[in-house]
Amino acid sequence: MPRSERSPLLLAGLLAAAGVAHFAAPRPFDATILGGLPGTPRTWTYASGAAELALAAGLALPRTRKAAALATAAFFVGVFPANVKMAADWRHRPAPQKAAAFGRLPLQVPLVLWARGVARNAEGRS
């Protein structure tokens, strides 16, 4: 399978794994939810997990891939504030945890670019 065909499936797998994790172990995700949002953190955790699963399904299907990839890029931008909150909250934790939290911040850029690349490669395919 060529790289251009694997890429959307790998991104879908990443999102699916993250989505499942939101349901299997929600507590760490609850802690990243910004205060001031309506509802409970757990509701937002489950909603974001469901969104990740839906995006994964959309990426896996060629007919919906372009729209799902663009939505995925927007999703990665949208969850960035939660990653900033996590980094701020974890700034006094042991070095490995702090490094993981701060390492997530620049990781958002390649994730957004990856999703945009999947959308670009899906153009013209139906």
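What percentage of the 126 residues in the protein is buried? I looked this up first and found that buried residues make up 32% of them. I note at the outset that the model is predicted.

**Entry: overall fold**

I went through the secondary structure and counted six helices and zero strands. Read from one end of the sequence to the other, the pattern is α-α-α-α-α-α.

I then turned to the dimensions. The C-alpha trace spans about 45 × 30 × 25 Å along its principal axes. I compared the radius of gyration with the expectation for a compact globule: for 126 residues that expectation is near 14 Å, and the protein has 15 Å, so the two agree.

I also looked up how the contacts are distributed along the chain. Among contacts with a separation of 6 or more, 62% are between residues 24 or more positions apart. For the surface, I recorded an accessible area of about 7,500 Å², and 68% of this area belongs to carbon and sulfur atoms.

**Entry: salt bridges**

How many salt bridges does the protein have? I found a count of two.

The pair I examined to begin with is Asp 30 and Arg 42, whose side chains meet with an N to O distance of 2.6 Å. This pair links distant parts of the chain, for Asp 30 is in helix α2 (residues 27-30) and Arg 42 is in helix α3, 12 residues apart. I checked the accessibility of each partner. Asp 30 has a relative accessibility of 13%, and it counts as buried because this value is under the 20% limit. Arg 42 has 31% and therefore counts as partly exposed, as this value lies between 20% and 50%.

I next examined Asp 89 and Lys 85, which form a salt bridge with their closest N and O atoms 2.6 Å apart. Both residues lie in helix α5, and they are four residues apart, about one turn of the helix. Asp 89 is partly exposed at 43% relative accessibility. Lys 85 is likewise partly exposed, with a value of 22%.

**Entry: Asn 83**

I stayed with helix α5, which covers residues 80-89 and also holds Asn 83. Is Asn 83 buried or exposed? Its relative accessible area is 4%, so Asn 83 is buried.

Which residues does Asn 83 touch, leaving aside its neighbours within four places in sequence? I listed Arg 104, Leu 105 and Gln 108. With Arg 104 there is also a polar contact between the side chains, at 3.0 Å.

**Entry: a nonpolar patch**

Finally, I looked for nonpolar residues grouped on the surface. Val 20, Phe 23, Tyr 46 and Leu 53 form such a patch, and together they have about 330 Å² of accessible area. Helices α1 (3-24) and α3 (41-60) are the elements that give two or more residues to the patch.

I took Val 20 as an example from this patch and placed it in helix α1. Val 20 has a relative accessibility of 47%, so it counts as partly exposed. A patch residue must have over 30% relative accessible area, and the 47% of Val 20 therefore satisfies this condition.

**Entry: summary of what I noted**

I recorded a protein of six helices with two salt bridges. One of these joins helix α2 to helix α3, and the other lies within helix α5. Helix α3 appears again in my notes on the nonpolar patch, and helix α5 again as the place of the buried Asn 83.

Technical notes
Residues numbered from 1 in each chain as written. Predicted model: local features only at pLDDT ≥ 70, side-chain atom pairs only at ≥ 80, totals over all residues. Heavy atoms only, no water. Buried < 20%, exposed > 50% of the residue type's maximum accessible area, 1.4 Å probe, protein only. Polar contact = N/O pair within 3.5 Å; in protein donor to acceptor, adjacent residues only side chain to side chain. Contact = heavy atoms within 4.5 Å. Patch = residues over 30% accessible without salt bridge, like charges linked within 9 Å, V, L, I, M, F, W, Y side chains within 5 Å. Areas by Shrake-Rupley, 256 points an atom, 1.4 Å probe, with all protein chains shown as cover. Salt bridge = Lys/Arg side-chain N within 4 Å of Asp/Glu carboxyl O. Rg over C-alpha atoms; globule rule 2.2 N^0.38 Å.
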